[in-house]
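Here's a friendly walk through a structure you may be meeting for the first time. Have a look at it, and then we'll go through some of its parts.

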Amino acid sequence: MGIEDKVRQVEALFDRLEVEITAFQSETHLYCNAGCGKCCTTPNIDASPLEFLPWAFHLFLNGKAEETLALLNQTSTHNCIIYRPRSVLEHKGNCSNYRYRGLICRLFGYAANTDKYGKLRLATCKIIKEQQQENFIAAEEAINNGKYVPIFTDYYMRLKQIDLRMGVILVPINEALKIAIEEVLHYYAYRPLPNGLGNIA
């Protein structure tokens, strides 16, 4: 399967998740505070390169893959390089490429993990748990009474089915970004460019 097909399949998975999360938010009334980027400032977030393949492909199409790869090779930060902080003290900021954010970014806040007792637990931030406590408790109760919620392991399993080699790896987020770009650059090194634009020298 070619890069473009993989990108389309990952994007289709994201579209499906978006529908599910929108429904979940609507029913539970849980939401992220406007402009909050606290979860993006968490160091040591792991991700798979495959979930960032659409982002890497987008960079490639816009001629920014190589310069972004150089930036990733030079960075020493553990925080995601796509995140743009506006206020460190208030955890304000935003994703500079929100449309192409990864699966982990989409799931956190509105998806569940299974705890050691086999119960589903909503994986969300301290801010939502504390500031929206009533809705959070109600959402957890509803989930344990059978309400549908996206589950991390289910979505990562679906991701792996698109490309096992890239989907099974979980590495620090900036490493995942780097591998995704390298994958796209290697793929087109000796192939025609997308839309028949010729060959890369």
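Two strands pair if DSSP finds at least two bridges between them. Helices (H or I, at least four residues) and strands (E, at least two) are DSSP runs, numbered from the N terminus. This is a predicted model, where local features need pLDDT of at least 70 and side-chain atom pairs count only at pLDDT 80 or more, while totals for chains, interfaces and linings use all residues. Residues are numbered from 1 along each chain as its sequence is written, and side-chain values use heavy atoms, with hydrogens and water left out.

Let's start with the whole chain. It has 9 helices and 6 strands. Its radius of gyration, taken over C-alpha atoms, is 18 Å, close to the 17 Å from the globule rule (2.2 Å times the number of residues to the power 0.38) for 201 residues, so the chain is as compact as a globular protein of that length. The C-alpha trace spans about 60 × 40 × 30 Å along its principal axes.

Now for a hairpin. Strand E4 (residues 111–114) pairs with strand E5 (residues 120–123) in the antiparallel sense, over 4 bridges. Alanine 112 has leucine 122 in E5 as its bridge partner. Between the two strands sit 5 residues, and glycine 118 in this hairpin takes a positive phi near 85°.

On to the helices. Axes here are lines fitted to C-alpha atoms, for helices over the stretch in contact, and angles run from 0 to 180 degrees between N-to-C directions. Here are two helix pairs:

| Pair | Axes come within | Crossing angle |
|---|---|---|
| H1 (residues 3–28) and H2 (residues 53–61) | 9 Å | roughly 130° |
| H2 and H9 (residues 173–187) | 8 Å | roughly 55° |

That crossing angle makes H1 oblique to H2 (under 35 degrees counts as roughly parallel, over 145 as roughly antiparallel, 65 to 115 as roughly perpendicular and the rest as oblique). Their contact (heavy atoms within 4.5 Å) is made by Ile3, Glu4, Lys6, Val7, Val10 and Glu11 of H1 and Leu53, Pro54 and Phe57 of H2. By class, these residues divide into 6 nonpolar (Ala, Val, Leu, Ile, Met, Phe, Trp, Tyr, Cys and Pro), 3 charged (Asp, Glu, Lys and Arg) and no polar (the others, Gly among them).

H2 and H9 are oblique to each other too. Which residues meet there? Leu53, Trp55, Ala56, Phe57, Leu59 and Phe60 in H2 meet Leu177, Ala180, Ile181, Glu183, Val184 and Leu185 in H9. That contact has 11 nonpolar, no polar and 1 charged residues.
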